[in-house]
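Q: Please take a close look at the salt bridges in this model. Set them against the rest of the chain, and go through the side chains one by one.

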Amino acid sequence: ATAARRDTMPAAVAIRTTHSMLGKFVTGAVPLDELVATESFDVSGDVEALRALDAVLDRFDLWFDIVTP
């Protein structure tokens, strides 16, 4: 068992989803509003906190050149 830390605040938002749906969220493959509307992306708490997180996530091309001549 782990002891609760006293210096932490409770989470403003929680997500219950699949690995696949989480990947779609963090990569921006599917807009947040569409994810929230599905049954497999359950959000509890402050959805605006999730929108704030979504706004600061970097979006980049997943298939970029690592080594080029």
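A: The protein chain has an accessible surface of about 5,900 Å², and carbon and sulfur atoms hold 58% of that area. The model is a predicted one. Of its 69 residues, 12% count as buried. Three helices and two strands make up the elements of the protein chain, and from the N terminus on they run in the order β-α-α-β-α. Among contacts with a separation of 6 or more, 61% are between residues 24 or more positions apart.

Now the salt bridges. A search of the whole structure finds two. In one of them the side chains of R51 and D33 meet, at 2.5 Å from N to O. R51 lies in helix α3 and D33 in helix α2 (residues 32-36), so this pair ties together parts that are 18 residues apart in sequence. The side chains of E48 and R51 also meet in a salt bridge, with an N to O distance of 3.1 Å. Here both residues belong to helix α3: E48 and R51 are three residues apart, about one turn of the helix. D33, E48 and R51 are thus linked in a network of salt bridges. Side chains of opposite charge can pair when their charged atoms come close. As for its surroundings, R51 is partly exposed, with a relative accessible area of 32%.

An aromatic contact gives a second link between elements. The search of the whole structure finds one aromatic pair. F25 and F41 form this pair, which is tilted, with 5.9 Å centre to centre and 50° between the planes. Because F25 lies in helix α1 (residues 19-27) and F41 in strand β2 (residues 41-45), the pair ties together parts that are 16 residues apart in sequence. Both F25 and F41 are buried, whereas R51 of the salt-bridge network is partly exposed.

Other phenylalanines are found at the surface. F60 and F64, together with I66 and V67, make a nonpolar surface patch of about 530 Å². F64 has its place in the segment after α3 (47-56), the helix that holds E48 and R51.

To sum up the part in question, R51 in helix α3 pairs with D33 in helix α2, and E48 completes the network of salt bridges with R51 and D33.

Terms used
Residues are numbered from 1 along each chain as its sequence is written. This is a predicted model: local features need pLDDT of at least 70, side-chain atom pairs count only at pLDDT 80 or more; totals for chains, interfaces and linings use all residues. Side-chain values use heavy atoms; hydrogens and water are left out. Rings of Phe, Tyr and Trp (its six-membered ring) pair if their centres lie within 6.5 Å; planes under 30 degrees apart count as stacked, over 60 as edge-to-face and the rest as tilted. Helices (H or I, at least four residues) and strands (E, at least two) are DSSP runs, numbered from the N terminus. Buried means under 20% relative accessible area, exposed over 50%, partly exposed in between (1.4 Å probe, protein chains only). Patches are made of residues with over 30% relative accessible area and no salt bridge: like charges are joined within 9 Å, nonpolar side chains (Val, Leu, Ile, Met, Phe, Trp, Tyr) within 5 Å. Accessible areas come from the Shrake-Rupley method with a 1.4 Å probe; for residues, only the protein chains shown count as cover. A salt bridge is a side-chain nitrogen of Lys or Arg within 4 Å of a carboxyl oxygen of Asp or Glu. Contact means heavy atoms within 4.5 Å.
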